[in-house]
Amino acid sequence: MLSHPQNKYRPFEFLDFSERTWPSQKITTAPVWCSTDLRDGNQALANPMDHHRKLKFFQLLVECGLKQIEVAFPAASETDFNFVRYLIENNQIPNDVCIQVMTQARSDLIERTFESLTGVKQAIVHVYNATAEVFRRIVFQKTKQEVIELALASTKQVKSLCEQYPETKWTYEYSPETFCFTEIEFALEICEAVAQVWDPSPENPMIINLPTTVEVSTPNIFADQIEYFCKHFSRRNQVCISVHPHNDRGTGVATAELALLAGADRVEGCLFGNGERTGNVDLVNIALNMYTQGVSPELDFSDIKKVAEIVKECNELPIHPRHPYVGELVFTAFSGSHQDAIKKGFQARSTQYHSFWEVPYLPIDPVDLGCSYEAVIRVNSQSGKSGAAWILQQNHGIDLPPNLQKDFSQIVQKLTDNNQKELSHAEIWTVFREEYGISVEGCDFKLVNYQSSKKDDIYEVKISIELKDEIINLVGCGNGLLSASVNALNMKWPCKITIAEYSEHTLGKQSSSRSISYIRCIDSRGHAYWGIAIDTDIATASIQALLNAFSKSYKFNYLESLQLT
């Protein structure tokens with residue numbers, strides 16, 4: 001890269017427009033949406049869509065609620081021409097959907113375009129020609145007046161052809177291509193001249209499309225250009241101002257949103273941003289940005305995974321895993337602090353006094369897009385104590401006590417550090433069950449049965465335990481069922497444990513639901529051991545949880561002392 005890029009690149013000229021009002025505006029309604037996936041998006045593909053892929057994509061766009069769809073550049077290829085004819089001749093266009101076709105400002109291409117539209121109920125004819133100074137000078141060697149004359153001649157031809165087919169409802173769209181770096185006064189001049197020829201009305205407006213054909217400035221400058229154009233165009237109430245942002249600077253979405261603040265009525269773009277170079281503006285991104293602000297985009301992305309799969313299939317392009325709203329990882333937190341905040345956000349929803357979505361790090365509820373909470377938190381070596389706890393709570397209804405969350409997270413983190421990979425939900429569940437004695441493999445002391453009685457506030461418990469295929473019968477007394485069980489164990493084995501923490505809860509809302517018990521025991525050396533058990537009887541679960549905790553002390557104390565002896 002150059003040490004002095006200013007010697008090669010010039011900054012974009014700032015528009016002196018102190019009357020701007022867009023910074024204080026808000027987006028409160030959805031714009032008119034127009035998908036250009038089948039034309040602009042298609043022409044950017046290494047393998048342009050065949051008829052089958054195009055039709056599948058068109059049907060998806062209709063299903064998502066798009067009412068204006070640019071379906072082809074029919075004069076550019078037989079595939080495009082035939083696709084338009086297929087849609088018309090096979091009644092594939094719903095009555096509330098208007099197809100759009102594009103053509104350069106060339107007489108022969110305009111004629112061919114109208115041939116493709118014979119018999120259509122309604123259509124938008126989109127004509128463009130380059131207006132920017134660099135294109136006039138370098139590409140076409142034309143003066144401003146010659147560029148205007150080309151636009152006017154094409155507009156007159158389109159108008160004449162439309163009049164020959166009065167049974168069709170026609171809308172005319174004109175694009176001063178490369179508007180974003182066309183001199184603003186010249187852009188106004190050529191669009192005024194085109195509108196004068198077309199003669200739109202409030203009842204039958206024309207579309208003036210102001211494309212960011214190549215992003216050359218920050219979005220605020222484009223917003224100034226749009227507001228300036230809207231304020232100085234003499235027929236503003238007779239035209240629909242449309243924008244067509246590309247993403248060369250990575251700010252296509254911001255450009256479109258600021259343009260809407262500045263007075264634009266319509267946005268052209270593609271689902272997930274496909275298009276030449278860095279792509280067209282992403283319609284899904286803008287629409288769901290609006291949705292998160294409480295504004296209905298009037299588009300349906302309630303099954304966003306299905307939409308993504310069809311788009312990937314038709315475009316033969318992947319979608320980045322971090323792509324807003326749709327990427328595989330956009331609703332996923334690996335970081336411990338993020339996981340903790342998300343977990344607490346979901347817990348708070350059960351007691352909040354309002355209906356608004358307030359979950360940290362999740363600007364939208366994944367359920368609204370047809371996604372589950374399963375992927376919200378995933379566990380790897382970066383995860384904290386909340387990650388594994390969330391997965392157990394969401395998948396199994398297990399609400400770990402805070403100290404147990406910490407204990408289990410250390411076990412999980414050690415595993416992920418050693419294995420250098422993420423743990424799946426199934427793997428976390430297996431580790432949890434084996435570590436705390438819930439599974440058969442993790443349970444050494446198995447409760448066979450117990451009997452308890454109470455006399456003068458003293459409990460007596462008789463416990464039968466299976467240990468290595470041997471049945472051991474124990475008796476103990478205490479001021480409660482668990483304390484009596486602890487005394488019974490301590491009399492048999494010199495582990496000398498005490499219960500430091502106990503909690504329990506049900507795993508469902510039915511009377512027949514199982515219960516889970518958590519017990520933390522401490523031995524004479526100050527070591528802590530957790531045990532957990534699940535059973536339909538809470539007392540059985542409590543004693544088995546105690547046995548599961550005791551078995552760890554037994555292994556590390558009693559068996560160790562025997563080996564030393």
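The side chains of His244 and Asp40 are joined by a polar contact of 2.8 Å; a polar contact here is a pair of N or O atoms within 3.5 Å, where within protein one must be able to donate a hydrogen and the other to accept it, and residues adjacent in sequence count only if both atoms are side-chain atoms. The model is a predicted one, in which local features need pLDDT of at least 70 and side-chain atom pairs count only at pLDDT 80 or more, while totals for chains, interfaces and linings use all residues. Residues are numbered from 1 along each chain as its sequence is written, and side-chain values use heavy atoms, with hydrogens and water left out.

Both residues belong to a set marked in UniProt. An unreviewed entry there gives the annotation "binding site" to Asp40, His244, His246 and Asn280. These residues are spread over 241 residues of sequence, yet they cluster in space, with a largest C-alpha distance of 10.6 Å. UniProt positions follow the numbering used here, feature names are shortened, and annotations may be inferred rather than shown by experiment.

Asp40 sits in helix 1 (residues 37–43), and His244 in strand 7 (residues 239–245). Helices (H or I, at least four residues) and strands (E, at least two) are DSSP runs, numbered from the N terminus. Asp40 is buried, at 3% relative accessible area, and His244 is buried too, at 5%. Buried means under 20% relative accessible area, exposed over 50%, and partly exposed in between, with a 1.4 Å probe and protein chains only. Leaving out residues up to four places away in sequence, Asp40 touches His244, His246, Glu276 and Asn280, a contact being heavy atoms within 4.5 Å. With the same kind of neighbours set aside, the contacts of His244 include Thr36, Arg39, Asn209 and Glu268, along with Asp40 and Asn280.

The same unreviewed UniProt entry type lists residues 31–305 as "domain: Pyruvate carboxyltransferase". Over that stretch the chain is 44% helix and 19% strand, and its end C-alpha atoms are 24 Å apart.

Next comes helix 11 (residues 304–315). Its twelve residues should span 16 Å at 1.5 Å a residue, and the end C-alpha atoms are indeed 16 Å apart; the expected span is 1.5 Å times one less than the number of residues. Ile304, Val307, Ala308, Ile310, Val311, Cys314 and Asn315 are buried in this helix. They cover an arc of only 165 degrees around the axis, so they lie on the same side of helix 11, the arc being that of the directions from the helix axis to the C-beta atoms. Helix 2 (51–64) and helix 10 (283–292) are among the elements covering these buried residues. Just after helix 11 comes Glu316, with a positive phi near 55 degrees.

As for aromatic rings, the structure holds 18 aromatic pairs. Phe114 and Trp170 make a tilted one, 5.0 Å centre to centre with 45 degrees between the planes. This pair links distant parts of the chain, with Phe114 in helix 4 (residues 107–116) and Trp170 in strand 5 (residues 169–177), 56 residues apart. Rings of Phe, Tyr and Trp (its six-membered ring) pair if their centres lie within 6.5 Å; planes under 30 degrees apart count as stacked, over 60 as edge-to-face and the rest as tilted. Phe114 is buried at 2% relative accessible area, and Trp170 is buried at 9%. Elsewhere, Phe179, Phe222, Phe229 and Phe233 form one aromatic cluster.
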